[in-house]
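Good morning, and thank you for coming. I should like to go through one structure with you, element by element, so please keep it in view as I speak.

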Amino acid sequence: MRSSTIHLFIEMQVIYIKEDKFQYDIHSLYKAFYPEQDIRVIVGQRGCVPDKEMDISPDDEISFIDVNRDKNDLKRSIYKDLSIKTGKLLPWGDLTGIRPTRIAMNLIDEGMSDDEIRTYMMETYLVSEEKTNLAIDIARREKRILEGIDYENGYSLYIGIPFCPTTCLYCSFTSYPIGAFKGIVDDYISCLEKEIDYVAEAFKGKTLDTIYIGGGTPTTLLPDQIRRLIGYLQDKLDLSHVKEFTVESGRPDSITRDKLIAMKEMGVTRISVNPQTMSDETLKLIGRQHTVAQLIDSFNMAREEGFDNINMDIILGLPGETDRDVQHTIDEIIKLSPDELTVHSLAIKRGSKLAEVMREKGVDYSMKNTEEMMEIARKGAEALSLKPYYLYRQKNISGNFENTGYAKEGKAGIYNILINEEVQSIVALGAGTVTKRVFGEGGRIERCDNVKDVKLYMDNIDEMIQRKRELFEKS
Ligand code: SF4
């Protein structure tokens with residue numbers, strides 16, 4: 001909230017542009033240089049509306065930008081100005097999109113050599129040499145992994161289970177605590193079955209390449225519910241071409257041997273058991289309500305039940321965590337030797353529930369990912385012989401960092417690449433999920449979503465199906 005007290009530092013960056021062009025890019029670039037500040041890009045001339053009415057205070061910094069020029073020129077010039085002003089260089093240069101590997105992929109498709117791509121990305125977007133090499137390396141690996149996937153005639157399936165043991169304080173997904181919702185889970189599965197019936201009819205003759213059951217936490221389902229849901233998929237769809245079948249088993253406090261046995265029996269090939277951190281203290285603080293010991297037990301149990309492709313997610317920048325904590329997390333993970341490691345950057349806003357709870361407790365921890373933490377994670381992945389295979393940037397992440405998936409040879413998550421590179425249609429079932437249709441290779445992409453509220457989703461299941469029908473019947 002703005003106040004009338006005297007401000008000692010710049011609160012907000014206000015940028016005026018004369019024409020309604022490139023607002024998003026300008027906003028993102030400023031945000032990357034000034035992650036702690038509010039950024040406002042206003043179309044119009046200063047003074048048309050008095051500053052006071054626009055909620056602009058004398059402490060805010062005002063800039064004017066002429067947007068009547070080529071987009072890349074404009075972004076380079078803003079980048080250079082802000083870089084001089086702040087003394088910062090951004091690893092991804094002036095790129096504001098969330099999928100930098102897409103650029104490298106497209107250039108590979110155009111027939112460019114690695115050297116040509118490197119020169120182009122560094123000169124056009126001012127990307128650092130290190131990140132350019134990473135983007136090229138990942139794009140080449142992705143292309144190899146996706147060989148044999150039929151983009152045109154194939155599709156992938158996502159099923160969302162929006163229940164979790166409890167809600168983590170930093171959660172930004174659709175998630176309901178299973179304790180209060182267990183009475184509706186069977187009916188929820190019935191709705192998923194209705195959606196599966198639609199998929200069976202609409203995608204007859206198409207190749208189903210990958211299945212991903214995510215959430216939420218799918219392992220909040222009971223063993224019989226897991227068998228029922230996957231059994232229905234087997235009955236209604238042709239799974240004979242499925243190359244990968246993932247069930248996220250993220251929260252160790254939801255995993256039991258019986259559930260692992262059920263998933264293995266039903267053909268699940270890949271699971272995720274997520275520590276986020278190997279510090280009990282941090283786990284408690286972020287409301288995960290499981291311990292490190294539970295995580296290790298769940299992981300070992302999954303290995304005992306024959307899972308040979310297990311991913312682990314970690315988050316960098318968790319409250320109060322230093323390089324030493326991250327190193328400890330990595331050291332413990334190395335002992336377990338997962339097949340994949342996904343490294344996320346935490347993007348927590350000051351007004352988030354986690355920040356609020358910490359304030360209530362009277363603690364003001366730093367919540368910052370750093371280059372050093374990323375490097376510790378990267379070296380850990382290297383020690384495990386895991387190679388980076390997909391990467392995306394979150395919008396407005398403090399420090400301009402990326403999330404990276406690392407995997408052992410032959411274990412990379414195909415679905416993760418498909419959704420990230422947007423090269424194949426993904427049909428998504430369940431509350432809060434988004435279906436994406438790719439209209440042919442390199443073609444346009446359109447989406448339709450299912451409502452987030454689980455009860456609304458169930459009450460309106462026919463409408464959810466109708467939305468998909470309309471999307472896939474479009475020419
Ligand atoms: S496990 Fe994931 S989806 Fe569930 S509450 Fe925690 S962050 Fe949200």
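Strand β1, residues 12–17, runs parallel to β2, and six bridges join the two. Please bear in mind from the outset that this is a predicted model. Within that pairing, M12 is the residue that stands opposite D38 in β2. The two strands belong to an open sheet of three, in the order β2-β1-β3, with parallel pairing. Its edges are formed by β2, residues 38–43, and β3, residues 61–65, each of which pairs on one side only. From one strand to the next, the twist averages 20°. As a general reminder, the strands of a sheet pair through backbone hydrogen bonds, either parallel or antiparallel.

What lies across these three strands? Helix α1, residues 23–33, lies across β1, β2 and β3. With respect to β2, helix α1 runs at about 155°.

Let me turn to strand β7, residues 207–215. Eight of its nine residues are buried, and strand β7 is therefore largely enclosed by the rest of the structure. Strand β7 has parallel pairings with β4 and with β8. Eight bridges join it to β4, residues 154–161, and here G154 has T207 as its bridge partner. Four bridges join β7 to β8, residues 244–248, where T210 stands opposite E244.

Next, the ligand. Which residues surround it? The shell consists of C164, T166, T167, C168, Y170, C171, F173, S175, G216, T217, R251 and R288. By character, these residues divide into five nonpolar, five polar and two charged.

I shall now consider three basic residues, beginning with R141. This residue has its place in helix α5, residues 129–146. Is R141 buried or exposed? Its relative accessibility is 14%, and because the threshold for buried is under 20%, R141 counts as buried. Leaving aside neighbours within four places in sequence, R141 is in contact with K387, P388 and Y389.

The second is R303, in helix α11, residues 292–304. With a relative accessibility of 28%, R303 counts as partly exposed. Beyond residues up to four places away in sequence, R303 touches D308, N309, I310, S337, P338 and D339. In addition, a polar atom of the R303 side chain lies 3.1 Å from the backbone oxygen of F307. To place R303 relative to helix α1, consider F33, which falls within residues 23–33. R303 and F33 are 270 residues apart in sequence, and their C-alpha atoms are 44 Å apart in space.

The third is K411, in the loop between β13, residues 402–407, and α15, residues 414–421. K411 also counts as partly exposed, at 22% relative accessibility. Which residues does K411 contact, leaving aside its neighbours within four places in sequence? They are R270, D308, N309, D339 and E340. The side chain of K411 reaches the backbone oxygen of D308 at 2.8 Å. L386 is 25 residues from K411 in sequence and 9.3 Å from it in space, C-alpha to C-alpha.

Finally, I would draw the contact lists of R303 and K411 together. D308, N309 and D339 are among the residues that R303 touches, and D308, N309 and D339 are also among the contacts of K411. The two side chains also have polar contacts with backbone oxygens: R303 with that of F307, and K411 with that of D308. Thank you for your attention.

Terms used
Residues numbered from 1 in each chain as written. Predicted model: local features only at pLDDT ≥ 70, side-chain atom pairs only at ≥ 80, totals over all residues. Heavy atoms only, no water. Buried < 20%, exposed > 50% of the residue type's maximum accessible area, 1.4 Å probe, protein only. Contact = heavy atoms within 4.5 Å. Polar contact = N/O pair within 3.5 Å; in protein donor to acceptor, adjacent residues only side chain to side chain. Near = heavy atom within 4 Å. Nonpolar A, V, L, I, M, F, W, Y, C, P; charged D, E, K, R; others polar. Pairing = 2+ DSSP bridges. Axes fitted to C-alpha atoms, helices over the stretch in contact; angles between N-to-C directions.
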